[in-house]
Amino acid sequence: MRAGGSGPVREAARILDGRRNAVALTGAGISVESGIPSFRGTQGMWTKYDPMEYATLHAFMRSPRKVWEMLSEMISVCGGAAPNAAHKGLAALEEMGVVRAVITQNVDGLHQAAGSRRVIEYHGNLDELICVHCWKRYPTRDRWTPGGVPLCDCGEVLKPNVVLFGESIPWLPQEQAEEEARACGVLLVIGTSAQVSPACDIPRIAKESGAAVIEINPEETSLSGNVTDIHLRGSASDAIRLLLKELSPGDEAPPSAPSGH
Ligand code: APR
């Protein structure tokens, strides 16, 4: 696709500007450019850690210290990561009144670090630890040290307050996310393989409520070609930079453009 305001980018920007009540649904792909590996794909976390052995509630209850081998790596990598141009661009779109909320599957806190104000953390976040025996909670920084296994005052191993496979989504973020999906005029689906339920149902809820679905991903996903109306094929940072350029003309020249249909 030509650099700059080409067909799909210009069309996406026209829709975003016309409706000005977009919601973003983000996945691990938006944080890849911050150095945080995605889960699937050739360099994904799930090629190194079998999710059935490391990322289910059952695995945690059975072998919490083994699961902390993966959790420690996640906390260390996320702790050292900074928001990238895509996170910052989404925050700018919220400031401009184009985006009203971000629903994120990510637990890295980078949307808030980038300045996004309304962030719905669908899978929780790594900042808090919870005891699955006495329900006491602690800030992660107070109880976790690199490579360590954090313990509750009751002596049990603590768990990050993130949703593992086999856990249900906390009711509040689930309600908030569905409400935003039903109310939005545009759903920006950024950096998710759309393979994990119930997050992957959000695009369909938005579509059935009349929203236009704009997907930003270098790859095709199960959404492309059916739920997706416009697929901006490329990295999140490139696509969002191009959208920002279209929505606020007069900015600096854009980088290479994502391809799209
Ligand atoms: N920009 C945009 N998208 C990208 C980029 C990038 N720079 N790099 C990779 N992607 C895309 C990939 O093509 C893929 O479609 O990001 C997606 C990442 O997919 P997953 O690794 O499956 O991550 P995600 O969709 O967030 O997973 C959902 O699954 O394992 C659970 O709880 C975990 O929240 C996670 C959920």
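Over which residues does pLDDT stay under 50 in this model? Before we turn to the ligand, I would like to settle that, since what we are looking at is a predicted model. The residues are 253-257, where pLDDT stays under 50 throughout, and for this stretch the model has 12 contacts beyond four places in sequence. For the protein as a whole, the average pLDDT is 94, and 93% of the residues score at least 70.

Let me go on to the overall layout. The protein is divided into two domains, of which domain 1 takes in 1-35, 83-123 and 169-251, while domain 2 takes in 37-80 and 126-162. Taken over C-alpha atoms, the centres of domain 1 and domain 2 are separated by 27 Å. Where they meet, 9 residues of domain 1 are in contact with 10 residues of domain 2, and the area buried between the two domains is about 710 Å², with carbon and sulfur atoms giving 64% of it. On the side of domain 1, the residues that lose the most area to domain 2 are Ala28, Gly35 and Val107, which together account for 48% of what that side buries.

Now to the ligand. There are 21 residues around the ligand, and those that come nearest are Phe39, Arg40, Thr192, Ser193 and Asn217. Each of the two domains supplies at least three residues to this shell, and by class the shell has 8 nonpolar, 10 polar and 3 charged residues.

Which residues place a polar atom by an oxygen atom of the ligand? In Trp46, a polar side-chain atom lies 3.0 Å from a ligand oxygen, and in His123 an N or O atom of the side chain is likewise 3.0 Å from an oxygen atom of the ligand. With Gly191 the backbone is involved, as one of its N or O atoms lies 3.3 Å from a ligand oxygen. On its own, the ligand has 730 Å² of accessible area, and the protein covers 89% of it.

Methods: Residues numbered from 1 in each chain as written. Predicted model: local features only at pLDDT ≥ 70, side-chain atom pairs only at ≥ 80, totals over all residues. Heavy atoms only, no water. Near = heavy atom within 4 Å. Polar contact = N/O pair within 3.5 Å; in protein donor to acceptor, adjacent residues only side chain to side chain. Areas by Shrake-Rupley, 256 points an atom, 1.4 Å probe, with all protein chains shown as cover. Nonpolar A, V, L, I, M, F, W, Y, C, P; charged D, E, K, R; others polar. Domains from an automatic or database assignment. pLDDT = per-residue confidence, 0-100. Contact = heavy atoms within 4.5 Å. Buried area = accessible area lost by both parts, 1.4 Å probe.
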